[in-house]
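Biologist: Could you take a close look at one part for me, the largest pocket? I'd like to hear what lines it and how the elements around it are put together.

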Amino acid sequence: MTIEGTPVTVESVREVGPGTVALELETPDGFDALPGQFVLLRAVPGVEDQTSGDHDEDDVVMRHYTLSSPAVGETFEITVGIDPDGDLSPWLANLEGGETVHIEGPFGTITYEGDEDVVAVAGGPGVGPAVSIAEAAHESGHDAVVVYQDDEPAHVDRLEALEDAGADVVILDEDDNDGLAEAIESHRADGQLYAFGFEDFVRFVADTIDEDGGDSDEALIENFG
């Protein structure tokens, strides 16, 4: 079988944190994505020629990845957390550039259109879309806050650049829920609040907003499952 989706070239792969890489992918024609949206990526790990039709359906692996670049030009970026026991992420992390993967999308209604200040709250792999939204806000002349909870932060260079540009950046240990709640309570009114992360994390963010007298339904929350 032929792999479904649009074939795109992997332009580069670089390490952006412990166990985390960023893939720069060729932007296909008509791909008009906004920060906050995601793609479905398909590949057959370990196979050099991803474009032939000689693939077993059971060998095709698919995962969703949220964009981590603030804009889409000739390329766009996704950030991949490496699961050593995973069937796709270790293979993606070992690519050298020039390979092909297949994508569909963009998908998702949680977007940033460059029209307001933002508060981007991230847990673990949620840092990719969070940092892209904060960068897009700064590039469009708006203020940004990033609250990021992770014991081994990724994209530290971009977070430091945002801080140098005037953004408020708060990085917390993974078990520091008191600090996370305090940061959300201190900043939730500073702009449109976005939250990206796994279920327990985003549920905590929503509960904190409600307990602090806000309305979590007004936040734009992406649950990674």
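Modeller: Start with S4, since that strand gives the lining of the largest pocket its largest share, four residues. Bear in mind that we're looking at a predicted model. S4 covers 61–66, and along with S5, helix H2 (127–139) and strand S11 (220–223), it is one of the elements that each supply at least two residues of the lining. The space inside the largest pocket comes to about 770 Å³. There are 30 lining residues, and the ones closest to the centre are Tyr-65, Val-80, Gly-81, Pro-125 and Phe-198. By character, the lining splits into 13 nonpolar, 11 polar and six charged residues.

Now for the sheet that S4 and S5 belong to. It's an open one of six strands, antiparallel in its pairing, and the order runs S4-S3-S6-S1-S2-S5. Our two pocket strands, S4 and S5, are at the edges with a single partner strand each, so each has one side with no neighbour in the sheet. Going from one strand to the next, the twist averages 40°.

You might expect an edge strand to be out in the open, so is S5 mostly enclosed or mostly uncovered? Five of its seven residues (75–81) are buried, so the rest of the structure largely encloses S5. On its paired side, S5 runs antiparallel to strand S2 (residues 20–26), with seven bridges between them. Along that pairing, Glu-24 sits opposite Glu-77 of S5. As a general point, side chains in a regular strand alternate between the two faces of the sheet.

Further into the same sheet order you'll find S6 followed by S1. Strand S1 (residues 6–17) and strand S6 (residues 100–107) are antiparallel and joined by four bridges. One pair to look for there is Val-8 with its bridge partner in S6, Val-101.

The other sheet comes into the pocket story through S11, which is among the suppliers of the lining. Here five strands make an open sheet with parallel pairing, in the order S9-S8-S7-S10-S11. Its edges are strand S9 (168–172) and S11, each of which pairs on one side only. In this sheet the twist from one strand to the next averages 10°. S7 and S8 run parallel, with six bridges joining them, and Val-118 has Ala-144 in S8 as its bridge partner.

Val-118 also turns up in the largest nonpolar core, which has 24 residues. Together with Tyr-112, Val-146, Tyr-148, Leu-159, Leu-162 and Tyr-194, Val-118 touches the most other members. Strand S7 (118–123), H2, strand S8 (144–149), helix H3 (156–164) and strand S10 (192–197) each put at least two residues into this core. H2 gives the most, seven residues, and H2 also supplies at least two residues of the lining of the largest pocket.

One last thing to check while you're there is the second largest pocket, with a volume of about 210 Å³. Its lining is Gly-123, Gly-124, Pro-125, Gln-149, Asp-150, Glu-174, Asn-177, Phe-198, Asp-200 and Phe-201. Pro-125 and Phe-198 are in that list, and both are also among the residues closest to the centre of the largest pocket. The lining of the second largest pocket divides into three nonpolar, four polar and three charged residues.

Notes:
Residues numbered from 1 in each chain as written. Predicted model: local features only at pLDDT ≥ 70, side-chain atom pairs only at ≥ 80, totals over all residues. Heavy atoms only, no water. Buried < 20%, exposed > 50% of the residue type's maximum accessible area, 1.4 Å probe, protein only. Pairing = 2+ DSSP bridges. 1 Å grid on protein atoms, 1.4 Å probe; cavity = no way out; pocket = protein on both sides within 12 Å on 5 of 7 lines; lining within 4 Å. Points joined across faces, edges and corners; volume = space filled by probe spheres on them. Nonpolar A, V, L, I, M, F, W, Y, C, P; charged D, E, K, R; others polar. Axes fitted to C-alpha atoms, helices over the stretch in contact; angles between N-to-C directions. Core = buried A, V, L, I, M, F, W, Y, C linked by side-chain atoms within 4.5 Å.
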